[in-house]
Amino acid sequence: IFHVTSLAMVLFLEYLLSGSFYRLPKNLFAGILVSTFAVVAVSTLLLFVSMLIQSRAIGVVVTIITGLFLYGSGSKLRGALLRPEYTSEYISDDKGNLLFDGNVLNPNYVSGVRRDIYEFLVDIHPVGQILQFDECTELPRAWVLFPVYSVIFTIVIFFVGYYLFRRKDIK
């Protein structure tokens with residue numbers, strides 16, 4: 001319910017601020033689909049982490065830290081992919097005037113095999129999936145696989161939890 005309410009609020013605010021809907025209906029449907037599966041995947045992981053810890057107080061703290069880590073890691077990976085390949089370089093002359101020196105290769109740009117790995121990690125990361133929809137007006141490449149990745153993520157967490165809690169006496 002919270003997820004649907006937050007999506008409705010985003011659409012309402014988008015309409016108020018821009019006077020029209022920013023996203024196309026197809027993008028909206030895809031965003032709702034992907035974010036629903038991603039929220040289930042994140043919830044599964046957070047539930048798993050909270051159940052691993054006996055103390056409720058420590059469990060809450062570790063769960064919050066895990067959620068922040070998920071958001072931070074997804075943002076960091078996505079941010080690395082958004083860096084431009086070329087940046088503008090400015091130099092200053094003796095009088096302190098800035099002069100345009102042209103476009104130079106960005107040393108922080110991720111390219112090659114490393115970029116492919118980053119793209120794959122962002123695609124399978126539940127928060128990375130949501131961030132890809134938040135930042136674009138077009139559908140991300142391979143968005144159809146995002147729910148599949150989230151389901152696989154959820155199933156893996158489920159079976160790891162099943163294996164660990166099968167032996168444990170839960171009261």
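The following is an exchange between a reader and the author about the terms applied to this predicted model.

Reader: What kind of model is this, and how are residues and side chains treated?

Author: The model is predicted: local features need pLDDT of at least 70 and side-chain atom pairs count only at pLDDT 80 or more, while totals for chains, interfaces and linings use all residues. Residues are numbered from 1 along each chain as its sequence is written, and side-chain values use heavy atoms, with hydrogens and water left out.

Reader: How many helices and strands does the protein chain have, and in what pattern?

Author: There are six helices and two strands. Along the sequence the pattern reads α-α-α-β-β-α-α-α. Helices (H or I, at least four residues) and strands (E, at least two) are DSSP runs, numbered from the N terminus.

Reader: What makes His-125 buried rather than exposed?

Author: Buried means under 20% relative accessible area, exposed over 50%, and partly exposed in between (1.4 Å probe, protein chains only). His-125 has a relative accessible area of 12%, so it is buried. This residue sits in the loop between helix H4 (112-124) and helix H5 (126-134).

Reader: Which residues is His-125 in contact with, leaving aside neighbours within four places in sequence?

Author: Those residues are Leu-70, Ser-73 and Gly-74. Contact means heavy atoms within 4.5 Å. In addition, the His-125 side chain reaches the backbone nitrogen of Val-127 at 3.2 Å. A polar contact is a pair of N or O atoms within 3.5 Å; within protein, one must be able to donate a hydrogen and the other to accept it, and residues adjacent in sequence count only if both atoms are side-chain atoms.

Reader: Why do Thr-154 and Gly-31 count as buried?

Author: Thr-154 is at 19% relative accessibility, so it counts as buried. Gly-31 is at 15% relative accessibility and therefore also counts as buried. Thr-154 lies in helix H6, and Gly-31 lies in helix H2. Beyond its neighbours within four places in sequence, Thr-154 is in contact with Val-40, Ala-41 and Thr-44. For Gly-31, the C-alpha atom is separated by 9.1 Å from that of Trp-143, 112 residues apart along the chain.

Reader: What makes Glu-85 partly exposed?

Author: Its relative accessible area is 37%, so Glu-85 falls in the partly exposed class. Glu-85 belongs to the loop between helix H3 (56-82) and strand S1 (86-92). Leaving aside neighbours within four places in sequence, Glu-85 is in contact with Val-104, Leu-105, Asn-106 and Tyr-109.

Reader: Why is the pair Arg-115 and Glu-119 called a salt bridge?

Author: A salt bridge is a side-chain nitrogen of Lys or Arg within 4 Å of a carboxyl oxygen of Asp or Glu. The Arg-115 and Glu-119 side chains meet at 3.6 Å, N to O, so the pair satisfies that definition. A search of the whole structure finds one salt bridge.

Reader: How far apart are the two partners in helix H4, and which is buried?

Author: Arg-115 and Glu-119 are four residues apart in helix H4, which means a separation of about one helical turn. Arg-115, with a relative accessible area of 17%, is buried, whereas Glu-119, at 22%, is partly exposed.

Reader: What makes up the largest nonpolar core?

Author: Nine residues do: Val-42, Leu-45, Phe-48, Val-49, Leu-70, Val-127, Leu-131, Ile-157 and Phe-165. Helix H2 (25-52), H5 and H6 each give two or more residues to this core, and H2 gives the most, with four. A nonpolar core is a set of buried Ala, Val, Leu, Ile, Met, Phe, Trp, Tyr and Cys residues joined through side-chain atoms within 4.5 Å. A second, separate core of five residues includes Ala-30, Val-34, Phe-133 and Phe-146.

Reader: Why can Leu-164 belong to the nonpolar surface patch?

Author: Patches are made of residues with over 30% relative accessible area and no salt bridge; like charges are joined within 9 Å, nonpolar side chains (Val, Leu, Ile, Met, Phe, Trp, Tyr) within 5 Å. Leu-164 has a relative accessible area of 38%, so it passes the accessibility cut-off. The patch covers about 650 Å², and its other residues are Leu-52, Leu-145, Val-148, Ile-152, Val-156, Val-160 and Tyr-163. Helix H6 (residues 146-166) supplies the largest share, six residues. Accessible areas come from the Shrake-Rupley method with a 1.4 Å probe; for residues, only the protein chains shown count as cover.
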